[in-house]
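Biologist: I'm new to this structure and would like a close look at a single part: the pocket that goes with the ligand. Please take me through it slowly and explain your terms as you go.

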Amino acid sequence: MLDGKHGKATQKAMEIITTLGEIYGAEKLIPVSSVQIAGVSYHNLGEAGLEYLAEMAEDGRVRVLTTLNPAGMDLTEWKKHGIPEDFAKNQQRVVEAFARMGVITTCTCTPYLIGNLPHYGEHIAWAESSAVCFANSIIGARTNREGGPSALAAALTGRTAEYGLHLDENRNAQVRYIVEADLENTDDFGLLGKVIGDRTKKRVPYIVGIESATTEELKSLCASIATYGGLGIFHIEGITPNRTPIPEETETVTQEDLEQARDELDDRDAEIDFISIGCPHASIKEIVRVAELLKGKKIAEGKTVWITTARPTKDLAIKMGYYDIIEQAGAFLVSDACCAVAPLKGRFKGLMTDSAKACFYARGKNKFRTEIRTVEECIREATS
Ligand code: F3S
């Protein structure tokens, strides 16, 4: 591949993989069985990124199952969400370039919910931070947090360099957190992720005291720990599958810590005109719940509601009638995109969401004010 026998794009991709291997002192390359590429929104990529992709698409073809992170818009219903036409054209060009390379163009940060699901111990190359954290921690697969170009390079070569979270020694827990707070909803798990993420200084957490958690709660925790702590892996006693020595250093997370994290994410003067659920992308179970809450109700004037999800999940919601319930209420079931990567800056003043990660990006990228609440409270706010 390095010699160019497999084409220009593969040669360039292998150069990236071997350079990373040299930088991180990897002993060898290993095969990967699944790739997830981030940096899909034209909002983030810009013209230079698009040109790079178009060049790689000239003769590059993926060698393993490869899916995409959210794009900047719903690929079919973008118009009714107020996405400008020129942005839509460029976004389509990005997705087409990926499609030419054989990428499955489902644009989602929860690939594990829609068929890109590795198993325990499998080496993969994913880029979206919440999905990386989910794959390593909850599934027990092995991936570093790839950048857009390195994930694409792994897809085109079917290889990655063996370093970081591919190696046992970097996956061990380093600090123990005893949770003494009530965790009832996805927002609570997001807040827990913020508390631990803020404190842990990149040391791998071993969390004790969570008796049970749903997939939706775990994806919220993963998104938050990755956002606030920059972590790609953690352990929960009795829940996550990886083996690790138990660290001695111990800290406690109390109800007060959680409330303080909520206070930090709540802007008291927030004027809520945007409600978004589905960060990370909503599962069909979450969509059913939202549809039940919205049935027979109407979104209040001046408010916009996005439920963001993967396209196959949206298709299922359409088939089962949940899409109609949500849209008849005046909310939007948006696939392929999310409130952080869509070009929304300046369109809204305040976001209410159940996601601690969404608060982070809404503030940082879009300059929205934020409030974090349960899904039920979000829908109440949307309809009142
Ligand atoms: Fe996914 Fe966007 Fe949230 S990529 S994790 S929905 S910020």
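Modeller: Here is a walk through that pocket, followed by its surroundings.

A quick word on ground rules: this is a predicted model, so local features need pLDDT of at least 70 and side-chain atom pairs count only at pLDDT 80 or more, while totals for chains, interfaces and linings use all residues. Residues are numbered from 1 along each chain as its sequence is written, and side-chain values use heavy atoms, with hydrogens and water left out.

How do you look for empty space? Rolling a probe the size of a water molecule over the atoms shows where it is left. In practice, a 1 Å grid is laid over the protein atoms alone; a pocket is an open set of points with protein on both sides within 12 Å along at least five of seven lines, whereas a cavity is a set of points where a 1.4 Å probe fits but cannot get out. A residue belongs to the lining if it has an atom within 4 Å of a point. Grid points are joined across faces, edges and corners, and the volume is the space filled by probe spheres set on them.

Now to your pocket. The ligand sits in the second largest pocket, meaning that more than half of its atoms lie within 2 Å of the pocket's grid points. The volume of this pocket is about 330 Å³. Its lining is made up of 24 residues, and Asn 69, Glu 128, Ala 340, Val 341 and Lys 357 are the closest to the centre.

Where does the lining come from? Three elements, α4 (129-139), β11 (272-282) and α12 (356-364), each supply at least two residues. Helices (H or I, at least four residues) and strands (E, at least two) are DSSP runs, numbered from the N terminus. Strand β11 gives the largest share of this lining, with four residues. Zooming out, the second largest pocket lies between domain 1 (8-168) and domain 3 (266-383), because both give residues to its lining. Those domain bounds come from an automatic or database domain assignment.

As for chemistry, the lining of the second largest pocket counts 12 nonpolar, eight polar and four charged residues. In this sorting, Ala, Val, Leu, Ile, Met, Phe, Trp, Tyr, Cys and Pro are nonpolar, Asp, Glu, Lys and Arg are charged, and the others, Gly among them, are polar.

Next, who is right around the ligand? The residues there are Pro 70, Cys 109, Glu 128, Ser 130, Gly 278, Cys 279, Pro 280, Cys 338, Ala 340 and Lys 357; to make this list, a residue needs a heavy atom within 4 Å of the molecule. By class, this shell has six nonpolar, two polar and two charged residues. Both domain 1 and domain 3 put at least three residues into the shell. Strand β11 again has the largest share, with three residues of the shell.

Let's stay with β11 for a moment. Pro 280 lies in this strand, and a cis peptide bond, with omega of about -10 degrees, joins Cys 279 and Pro 280. Gly 278, Cys 279 and Pro 280, which you just met around the ligand, also help to line the largest cavity.

That cavity deserves a glance. The structure holds one cavity of 30 Å³ or more, and the volume of the largest cavity is about 60 Å³. Besides those three residues, the lining includes Thr 186, Glu 216, Lys 219, Ser 220, Glu 286, Asp 354 and Ser 355. Both α7 (215-229) and β11 supply at least two residues to this lining. Two residues of the cavity lining are nonpolar, four are polar and four are charged. Here the domains involved are domain 2 (172-263) and domain 3, each giving at least three residues.

For contrast, there is the largest pocket, with about 500 Å³ of space. It is lined by 21 residues, and Asn 144, Arg 145, Leu 165, Gly 230 and Gly 232 lie nearest its centre. Nine of its lining residues are nonpolar, nine polar and three charged. Since domain 1 and domain 2 both give residues to this lining, the largest pocket lies between them. The ligand, to come back to your request, sits in the second largest pocket.
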